[in-house]
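This report describes the fold, the packing and selected backbone angles of one protein model. The sequence and the structure are shown first.

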Amino acid sequence: MSIDLRSAFEDIKTLVIQGQAMEAFEKYYSEGVIMQENETPATVGKTANRQREQDFFSKVVEFRGVELKNVAYGEDVIISEWFVDYTHADWGKVTHDQVSVQRWRDGKVVRERFYYGS
């Protein structure tokens with residue numbers, strides 16, 4: 001594991017907590033990134049994932065908070081546990097813990113999967 005992976009994640013954490021998740025996405029995610037929520041079909045490619053993320057954030061009507069609870073680093077992998085609290089136009093109030101598993105290659109996230117209860 002390189003120190004660069006830790007530095008990159010620290011930057012992502014800071015951006016997410018400051019409400020700048022899209023900036024983190026643009027900076028750290030590869031053009032071919034594959035992202036998946038729980039068991040839903042994966043979204044492939046940065047363009048498709050950018051649209052999916054923008055759609056999500058456009059429907060957040062109230063954002064109450066996000067907190068990094070734990071993080072673990074491995075060989076080209078980061079596993080992080082987050083607490084999120086927001087209201088979504090389609091889903092209503094969302095308050096839960098979620099786990100993100102990121103696979104990295106050449107300083108970019110190439111795959112990310114989120115796990116959380118409904």
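Burial is expressed through relative accessible area: buried means under 20%, exposed over 50%, and partly exposed in between, with a 1.4 Å probe and protein chains only. The model is predicted, and local features need pLDDT of at least 70, while side-chain atom pairs count only at pLDDT 80 or more and totals for chains, interfaces and linings use all residues. Residues are numbered from 1 along each chain as its sequence is written, and side-chain values use heavy atoms, with hydrogens and water left out.

**Sheet**

Helices (H or I, at least four residues) and strands (E, at least two residues) are DSSP runs, numbered from the N terminus. Two strands pair if DSSP finds at least two bridges between them. An open sheet of 6 strands runs in the order E2-E1-E6-E5-E4-E3, and its pairing is mixed. E2 and E3 are the edge strands, each pairing on one side only.

Strand E1 (residues 29-37) pairs with strand E6 (residues 108-116) in the parallel sense over 5 bridges, and Glu37 stands opposite Phe114 in E6. With strand E2 (residues 43-44), E1 pairs in the antiparallel sense over 2 bridges; here Ile34 stands opposite Val44 in E2. E4 and E5 are antiparallel as well, with 12 bridges between them, and the bridge partner of Glu81 in E5 is Val99.

**Helix H3 and strand E2**

Helix H3 (residues 46-58) has 13 residues and reaches 18 Å from its first C-alpha to its last, close to the 18 Å expected at 1.5 Å a residue; the expected span is 1.5 Å times one less than the number of residues. The buried residues of H3 are Lys46, Asn49 and Glu53. They lie on the same side of H3 because they cover an arc of only 65 degrees around the axis, where the arc is that of the directions from the helix axis to the C-beta atoms. An α-helix has 3.6 residues a turn, so residues three or four places apart point the same way. On the other side of H3, Thr47 and Ser58 are exposed.

Contact means heavy atoms within 4.5 Å. The buried residues of H3 pack against helix H2 (21-28), E1 and E2. Thr43 is placed in strand E2 and counts as buried, at 19% relative accessibility. Leaving aside neighbours within four places in sequence, Thr43 is in contact with Val33, Ile34, Met35, Ala48, Asn49 and Arg52. Thr43 and Glu62 are 19 residues apart in sequence and 25 Å apart in space, C-alpha to C-alpha.

**Nonpolar core**

A nonpolar core is a set of buried Ala, Val, Leu, Ile, Met, Phe, Trp, Tyr and Cys residues joined through side-chain atoms within 4.5 Å. The largest such core has 23 residues, and Tyr29 and Trp104 have the most contacts inside it. Elements giving two or more residues to this core include helix H1 (3-17), strand E3 (60-74), strand E4 (77-88) and strand E5 (92-105). H1 gives the most to this core, with 5 residues. Beyond its neighbours within four places in sequence, Tyr29 is in contact with Ala24, Met35, Lys46, Gln102, Lys108, Val109 and Glu112.

**Aromatic pairs**

Rings of Phe, Tyr and Trp (its six-membered ring) pair if their centres lie within 6.5 Å; planes under 30 degrees apart count as stacked, over 60 as edge-to-face and the rest as tilted. By this rule there are 7 aromatic pairs. The rings of Phe56 and Phe57 have centres 5.0 Å apart and planes at 75 degrees, so the pair is edge-to-face. Phe56 is partly exposed at a relative accessible area of 22%, and Phe57 is partly exposed at 35%. Phe56, Phe57, Tyr86 and Trp91 form one aromatic cluster.

**Positive phi**

Most residues other than glycine have a negative phi, and most peptide bonds are trans. The table lists residues with a positive phi.

| Residue | Phi | Place |
|---|---|---|
| Asn38 | near 45 degrees | hairpin of E1 and E2 |
| Asp76 | near 60 degrees | loop between E3 and E4 |
| Asp106 | near 55 degrees | loop between E5 and E6 |

The hairpin that holds Asn38 has 5 residues between its strands. Asp76 is partly exposed, with a relative accessible area of 39%, whereas Asp106 counts as exposed at 75% relative accessibility.
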